[in-house]
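Me: Before I rely on the labels in this model, I would like to go through them one at a time and see what each of them rests on. Please take the definitions slowly.

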Amino acid sequence: MAKSKLIKYNIKNVKYAVKDESGVWGNPIDLAYANSLSLEANFSETKFFGDGEVIAVLTNDKGKTGTLSVINIEHDYEIACGRMMEIEGGFAEIEQISSVEHCLYYEVDAKKDGVPITIKTWMFGCITGKANESYQQTQEDHTVNTYDYPLTVNGVNLKASTGENDYVDANGNTIKVPRKFSYPTDQDYATFGNAVPIPKAKVEI
């Protein structure tokens, strides 16, 4: 396959989805206007030596960590994540006593072989902490404040092609999926952001 000239930029249309009472992912909800998203691989390797040589490498892939930066803290998202509640007379920030796992959706603009496209992405098994806040006085120019959520992406198990049981490879291993992407040429592209997809293995012919 020939390499493509692909340049990615911008982030937009961030949404989230949490599970309902029956354990099914609910409808995606707009999270906030995005400022930036940074992701780092939470990955390490341990080498084992014998006779002065590397005889095995044990990998430890725990998904990704990073920061989601948004323009405003939205009450609905904070309530869904257990960090805010509606009380008498308004809303209140509350002590977060548990982490609510959810899925995050976002889009990035890109140019592929000179053609502008939008790449859609779902991240699975996400957890965010309380957003960091910083307010600065406006001087000669207006100062725009952003809010940074610490983010962990644990992923979910890849399902078999039927979507019911976990996929197991020839060596008996399950496989974690932290993200799923959709490009304009993919079959489910038009509706990709409308519901949380189930990552499934491709049907073998």
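Me: What stands opposite Tyr16 in S2?

Reply: The residue opposite Tyr16 is Ile29 of S2. The model is a predicted one, in which local features need pLDDT of at least 70 and side-chain atom pairs count only at pLDDT 80 or more, while totals for chains, interfaces and linings use all residues. Residues are numbered from 1 along each chain as its sequence is written, and side-chain values use heavy atoms, with hydrogens and water left out.

Me: Why are S1 and S2 called paired?

Reply: Two strands pair if DSSP finds at least two bridges between them, and S1 and strand S2 (residues 29–30) have 2 bridges in the antiparallel sense, so the pair meets the definition. Strand S1 (residues 6–17) also pairs with strand S7 (residues 102–112), again in the antiparallel sense, over 8 bridges, and here Lys12 stands opposite Glu107 of S7.

Me: What makes a stretch a strand or a helix, and how many of each are there in the chain?

Reply: Both are DSSP runs numbered from the N terminus, helices being H or I with at least four residues and strands being E with at least two. By that count the chain has 1 helix and 13 strands, and from the N terminus on the order is β-β-β-β-α-β-β-β-β-β-β-β-β-β.

Me: Why is Thr128 called buried?

Reply: Buried means under 20% relative accessible area, exposed means over 50%, and partly exposed lies in between (1.4 Å probe, protein chains only). Thr128 has 3% relative accessibility and therefore counts as buried. Its place is in strand S8 (residues 115–128).

Me: How do you know that the side chains of Thr128 and Tyr77 are joined by a polar contact?

Reply: A polar contact is a pair of N or O atoms within 3.5 Å, where within protein one must be able to donate a hydrogen and the other to accept it, and residues adjacent in sequence count only if both atoms are side-chain atoms. The value for the side chains of Thr128 and Tyr77 is 2.8 Å, so the distance satisfies the cut-off. Contact in the general sense means heavy atoms within 4.5 Å, and, leaving aside neighbours within four places in sequence, Thr128 has such contacts with residues including Tyr77, Cys81, His102 and Tyr149.

Me: Which class does Thr118 fall into, buried or exposed?

Reply: Thr118, which also lies in strand S8, has a relative accessible area of 18% and is therefore buried. Not counting residues up to four places away in sequence, Thr118 touches, among them, Lys12 and Glu107, the two residues that stand opposite each other in the pairing of S1 with S7.

Me: Why is Phe91 placed in the class that it has?

Reply: Phe91 has a relative accessible area of 41%, and because this value lies between the two limits, the residue is called partly exposed. Phe91 belongs to strand S6 (residues 90–93), and beyond four places in sequence it touches His75, Ile79, Met84, Met85 and Glu86.

Me: What makes S5 and S6 a pair, and what lies in the turn?

Reply: Strand S5 (residues 84–87) and S6 are joined in the antiparallel sense over 4 bridges, so they meet the requirement for pairing. Met85 has Ala92 of S6 as its bridge partner. The two strands form a hairpin with 2 residues between them, and Gly89 in the turn has a positive phi of about 90 degrees.
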